[in-house]
Amino acid sequence: MVLARQSMSAQPRYVALAAAVEYAIASGLLEVGTKLPAERELTAIFGLSRTTVGRAYADLEAAGWLDRQVGSGTFARRPRPRAGRIWLRDVLDGVAALQPDRPDAINLTSSRPFVPADELREALDASAEVVGSLAQAWQYAPQGLPHLRAMIAEHYAGRGLPTTPEQILVTTGAQQALDLVFALHVEAGDPVVVESPTYHGVLDMLRVHEARPVSLGTAPESPAERLRDLLVHVRPSIAYLMTSCNAVTGRVMSTKDQEDVAQLSLREHFPVVEDDIFAGLTFASAAALPPPMAAHAPGAPIFTVGSTSKLIWNGLRVGWLRAPASAMSQLARLKGASDLGTSMVAQLVAGQLLAHAPELAARRRDESAAAFRFAGGLLRAALPSWRWDEPEGARGMWIELPGDSPPAEAFVATARRHGVSLLAGPTFSSDGAHAHRFRLMPVHPEERIEEAVRRLTAAWREHVAAD
Ligand SMILES: Cc1ncc(COP(=O)(O)O)c(C=O)c1O
């Protein structure tokens with residue numbers, strides 16, 4: 001019997017019995033509608049007292065797991081979700097609770113999740129209406145659902161980069177798009193050019209590919225010239241550049257620099273993967289969405305990566321890759337070999353939400369601008385020796401500590417003891433650069449930021465006193 005396989009060891013026994021029954025129903029071991037043994041029978045099976053069984057059944061009934069019908073028996077059921085219950089909140093709280101090593105820690109290594117809850121619910125409802133017919137029509141579609149590929153292609157065409165739906169691969173986040181491009185171009189030991197600072201997730205990924213990250217240098221006067229030198233002297237197999245906005249510094253690569261790199265890519269047939277996931281989330285893009293780098297050199301081997309993560313929700317796990325037509329069949333094969341395709345349900349939801357991209361982007365820009373203003377004001381007043389350039393978009397502040405203070409890694413450790421998590425500068429570089437920098441993500445409720453700044457002020461006092 002199913003229940004006999006569940007643990008009954010915890011005390012009190014009626015709680016353990018109720019938990020075992022609940023687990024069996026919730027996990028599907030006991031199907032909804034299954035008739036359960038009568039109290040008397042269960043007492044005999046487990047050698048439990050009648051009171052224990054009676055209490056467990058009463059609790060289960062009250063919680064909605066049992067349907068007791070006088071005269072016909074006790075049946076498994078599932079509780080109805082409580083009215084107004086927002087399950088996403090529970091999920092996010094659960095995730096947040098996993099992170100800190102102190103229960104009251106303030107995690108400034110990432111932003112507060114932005115979940116457009118109403119829009120998400122509407123998108124889920126609209127998706128539910130079509131999912132049945134979709135399931136009749138499709139099993140696997142490794143390249144992605146045609147309507148979503150067409151929408152993304154149109155988005156690029158609208159930004160001055162003519163694109164056919166066949167040039168779009170829907171991926172499981174930008175992360176997978178980057179991984180596929182590296183899988184196509186990188187062999188173990190190959191040098192790969194990255195900015196400094198760069199997205200630390202790419203540094204991890206390059207480790208997995210056993211590639212050798214090579215720094216473009218901190219704020220090079222001309223990224224294209226520096227890249228040309230590296231092509232001659234290091235012979236990298238590809239470069240990864242955050243063109244729409246650097247996720248760490250919040251700086252946008254200038255149009256001139258993007259044009260120069262694109263032309264170099266075209267002339268030298270040198271592959272470049274551009275991370276465009278902050279498209280629309282820079283403050284300047286409120287006026288008009290700038291073209292992606294690939295638009296500056298049609299025909300160049302430039303791979304453009306996008307995502308719903310920064311605009312909508314990282315948990316959706318829908319990203320994409322826009323690639324030269326000649327690379328598509330290989331990329332599609334790699335994608336298929338990797339996971340046979342991204343969840344079609346998630347793609348349906350993404351398609352619904354991307355139709356509202358301009359409004360969602362405006363809200364995200366406003367949210368970032370307000371957070372930069374608020375945190376910036378508090379930090380300038382409390383910690384006047386810290387410096388940073390105003391971000392042009394994205395979500396983070398790239399803070400520089402005075403050069404005569406101990407390195408940021410030590411400060412980050414002190415801040416952690418004071419209950420604030422940050423990421424030190426060298427995390428974002430391939431060569432340990434940025435010793436006096438750290439990244440602070442200020443998009444959180446204002447009272448959290450106020451408390452964080454109080455704690456950082458105390459941590460800073462301790463940090464400089466230890467020098
Ligand atoms: C710059 C950058 N690129 C790519 C990614 C991965 O994005 P996704 O969630 O779409 O996989 C991230 C995630 O934080 C990022 O910051």
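# Reading the evidence in a predicted model

Analyst: Let's start with Val53, which is buried, with a relative accessible area of 0%. Please keep in mind that this is a predicted model.

User: Why is Val53 called buried?

Analyst: The cut-off for buried is under 20% relative accessible area. Val53 has 0%, so Val53 counts as buried. Val53 is found in helix 3, residues 50-62. Leaving aside neighbours within four places in sequence, Val53 is in contact with Leu17, Glu39, Leu42, Thr43 and Leu48.

User: What makes Ser237 buried or exposed?

Analyst: Ser237 has a relative accessible area of 16%. Buried means under 20%, so Ser237 is buried. Ser237 is found in the loop between helix 9 (223-233) and strand 8 (238-241).

User: How do you know that the side chains of Ser237 and Asp190 make a polar contact?

Analyst: A polar contact needs a pair of N or O atoms within 3.5 Å. The side chains of Ser237 and Asp190 make theirs at 3.2 Å, so the distance fits the cut-off. Apart from neighbours within four places in sequence, the residues in contact with Ser237 include His185, Val186, Asp190 and Phe270.

User: And Ala141: what makes this residue count as buried?

Analyst: Its relative accessibility is 8%, and the cut-off is under 20%, so Ala141 counts as buried. Ala141 is found in the loop between helix 5 (117-137) and helix 6 (146-158). Not counting residues up to four places away in sequence, Ala141 touches Leu340, Gly341 and Met344. Ala141 and Gly336 are 195 residues apart in sequence, with 8.5 Å between their C-alpha atoms.

User: Why are strand 6 and strand 7 called paired?

Analyst: Pairing takes at least two bridges. Strand 6 (residues 191-196) and strand 7 (residues 212-218) have 5 bridges, so they count as paired, in the parallel sense. The chain goes from strand 6 through helix 8 (residues 200-208) to strand 7, a right-handed β-α-β crossover. Within this pair, Val192 stands opposite Pro213 in strand 7.

User: What makes strand 12 and strand 14 edge strands?

Analyst: They belong to an open sheet of 3 strands in the order 12-15-14, with antiparallel pairing. Strand 12 (397-400) and strand 14 (423-424) each have a single partner strand, so one side of each is left without a neighbour in the sheet. Strand 14 pairs with strand 15 (residues 437-440) over 2 bridges. At least two are needed, so that pair qualifies. Ala424 stands opposite Phe438 in strand 15.

User: Which residues have the most contacts inside the largest nonpolar core?

Analyst: They are Phe182, Val273, Leu321 and Leu331, in a core of 77 residues. Helix 7 (residues 173-185) gives the most to this core, with 6 residues. Apart from it lies another core of 26 residues, among them Trp388 and Trp460. In soluble globular proteins, nonpolar side chains tend to be buried together. Val273 touches Leu178, Phe182 and Tyr240, among others beyond four places in sequence.

User: How do you know that Ser307 and Ser309 make polar contacts with the ligand?

Analyst: An N or O atom in the side chain of Ser307 is 2.5 Å from an oxygen atom of the ligand. For Ser309, a polar side-chain atom lies 2.6 Å from a ligand oxygen. The cut-off is within 3.5 Å, so both pairs count as polar contacts. A polar backbone atom of Gln175 also lies 2.9 Å from an oxygen atom of the ligand. In total, 13 residues surround the ligand, and the closest include Ala174, Asp275 and Arg317.

Note on methods:
Residues are numbered from 1 along each chain as its sequence is written. This is a predicted model: local features need pLDDT of at least 70, side-chain atom pairs count only at pLDDT 80 or more; totals for chains, interfaces and linings use all residues. Side-chain values use heavy atoms; hydrogens and water are left out. Helices (H or I, at least four residues) and strands (E, at least two) are DSSP runs, numbered from the N terminus. A crossover is right-handed if, with the strands pointing away from the viewer, the path from the first strand over the helix to the second runs clockwise. A nonpolar core is a set of buried Ala, Val, Leu, Ile, Met, Phe, Trp, Tyr and Cys residues joined through side-chain atoms within 4.5 Å. Buried means under 20% relative accessible area, exposed over 50%, partly exposed in between (1.4 Å probe, protein chains only). Contact means heavy atoms within 4.5 Å. A residue is near a molecule or strand if one of its heavy atoms lies within 4 Å of it. A polar contact is a pair of N or O atoms within 3.5 Å; within protein, one must be able to donate a hydrogen and the other to accept it, and residues adjacent in sequence count only if both atoms are side-chain atoms.
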